[in-house]
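Got your viewer open and a selection box ready? Let's walk through this one stop at a time, picking something to select and then looking at what is there.

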Amino acid sequence: MGGTEHLTVQREGATLVLTLNRPEARNALSLPMLVGLYDGWIEADEDDAVRSIVLTGAGGSFCAGMDLKALAGRGMDGQQYRDRLTADPDLHWKAMLRHHRPRKPVIAAVEGPCVAGGTEILQGTDIRVAGDSATFGLFEVRRGLFPIGGSTVRLQRQIPRTHALEMLLTGRPYTAREAVGIGLVGHVVPDGTALARALEIAEQVNACGPLAVEAVKASVYETAEMTETDGLAAELERGWPVFATADAKEGTRAFAEKRPPVYRRA
């Protein structure tokens with residue numbers, strides 16, 4: 001497993017847990033963190049034993065956004081990773097899920113601040129759990145900046161446009177209860193339990209057929225902007241092959257036999 005000084009990687013069964021690990025800075029994005037994130041997404045994509053991913057933060061914070069000192073060019077931790085960014089100038093966008101979508105479901109477990117770049121990364125996740133005291137928001141306009149991590153495109157597709165515009169144009173913080181009310185997150189749980197709840201959801205995902213799960217996720221995203229006619233055609237093209245897999249046969253047989261299925265990605 002990979003990881004860097006600002007991003008830890010661990011396995012919980014078939015779940016890969018990526019933890020933003022810079023609590024002294026409320027997990028503000030750094031170069032080591034971005035490199036670790038990108039490597040984590042790739043590890044999950046390439047390892048068939050991984051069926052889901054949980055993204056969380058250490059020290060009671062999710063992510064407070066970009067390290068503004070680094071953005072202003074006043075130094076950045078982890079200069080040893082600079083060659084990675086030089087070799088792939090798109091690496092930071094892939095790390096933030098702007099230019100990369102993992103094949104496996106990504107579940108966010110949010111405690112504390114999840115603002116600016118944190119809220120932008122959140123929009124690249126699939127299922128979202130927040131602790132009761134979590135906070136969200138896109139503060140960029142308050143600082144004369146632009147939320148260039150994808151929020152002006154994605155947010156209005158994930159929550160009602162009036163709420164997206166209010167979040168984008170006021171730069172105000174949102175509570176976890178507000179976030180679940182507008183559909184930005186799916187679950188609000190007691191503080192300190194977001195990771196446990198995310199892992200529970202991951203276990204539910206892991207118990208399903210992995211080929212089916214990946215095909216369903218891919219279909220949802222690729223048909224999102226299609227007409228209904230085109231989307232239904234694309235769904236058939238992606239969905240029918242799943243029925244011919246050994247996993248599909250195992251799933252139906254296990255159901256009939258009233259036992260847990262044993263999937264082999266075949």
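## First stop: a buried asparagine

Select N27: with 0% relative accessibility, N27 counts as buried. Keep in mind that this is a predicted model. To find N27 along the chain, look in the loop between β2 (15–20) and α1. Check the backbone while you're there: the phi of N27 is near 60°, which is a positive value in a residue other than glycine.

Now jump to L97, which sits in the loop between α4 (91–95) and β4 (106–110). L97 isn't a glycine either, and its phi is positive at about 65°. Is L97 buried or exposed? Its relative accessible area is 1%, so L97 is buried.

## Next: strand β4 and its partners

The loop holding L97 leads on to β4 (106–110), so select that strand. Five of the five residues of β4 are buried, leaving the strand mostly covered. Show the side chains and you'll see V106, A108 and V110 pointing one way from β4, while I107 and A109 point the other way. Both sets are buried.

Which strands pair with β4? Add β3 (52–57) to the selection: β3 and β4 pair in the parallel sense over four bridges. A handy pair to label here is T56 and A109, with A109 in β4 as the bridge partner of T56.

Then add β6, residues 127–131. β4 and β6 also pair in the parallel sense, over four bridges. Label I107 with its bridge partner I127 in β6, and A108 with R128, which stands opposite in β6.

Stay on β6 for a moment. Four of the five residues of this strand are buried, so β6 is largely enclosed by the rest of the structure. Carry on to β9, residues 187–189: three bridges join β6 to β9, and the two run parallel. The pair to label is A130 and V188, with V188 in β9 standing opposite A130.

## A three-stranded open sheet

Clear the selection and pick β5, β7 and β8. They form an open sheet of three strands in the order β5-β7-β8, with mixed pairing. β5 (113–115) and β8 (174–175) stand at the edges with a single partner strand each, so one side of each has no neighbour in the sheet.

Zoom in on β7 (residues 135–137) and β8, which run antiparallel and are joined by two bridges. Label T135 and, opposite it in β8, T175.

## Into the nonpolar cores

Time for the interior. Which members of the largest nonpolar core touch the most other members? Select L18, L37, V110, F136 and L184, out of 47 residues in that core. The largest share of this core comes from helix α1 (residues 31–46), which supplies eight residues.

L37 is a good one to centre on. Leaving aside residues up to four places away in sequence, L37 touches L7, L18, L20, L55, A95 and I121. There is also a second, separate core of 10 residues, including V17, V54, A194 and A202.

## The cavity

How many cavities of 30 Å³ or more does a search of the whole structure find? The search turns up one, and about 40 Å³ of space lies in this largest cavity.

To see its lining, select R51, K104, P105, V205, C208, G209, P210, V213 and E214. Colour those residues by class and you get five nonpolar, one polar and three charged. Helix α10 (residues 210–222) gives the most to the lining, with three residues.

## Two exposed loop residues to finish

Head for the loop between β3 (52–57) and α2 (68–71), where you'll find G59. Is G59 buried or exposed? With 67% relative accessibility, G59 counts as exposed. Try your distance tool from here: the C-alpha atoms of G59 and Q204 are 26 Å apart, for two residues separated by 145 residues along the chain.

Last selection: A244, in the loop between α11 (228–243) and α12 (246–257). A244 counts as exposed too, at 57% relative accessibility. Draw one more distance, this time from A244 to A266: the C-alpha atoms are separated by 9.5 Å, and the residues are 22 residues apart along the chain.

Key:
Residues numbered from 1 in each chain as written. Predicted model: local features only at pLDDT ≥ 70, side-chain atom pairs only at ≥ 80, totals over all residues. Heavy atoms only, no water. 1 Å grid on protein atoms, 1.4 Å probe; cavity = no way out; pocket = protein on both sides within 12 Å on 5 of 7 lines; lining within 4 Å. Points joined across faces, edges and corners; volume = space filled by probe spheres on them. Nonpolar A, V, L, I, M, F, W, Y, C, P; charged D, E, K, R; others polar. Pairing = 2+ DSSP bridges. Core = buried A, V, L, I, M, F, W, Y, C linked by side-chain atoms within 4.5 Å. Buried < 20%, exposed > 50% of the residue type's maximum accessible area, 1.4 Å probe, protein only. Contact = heavy atoms within 4.5 Å.
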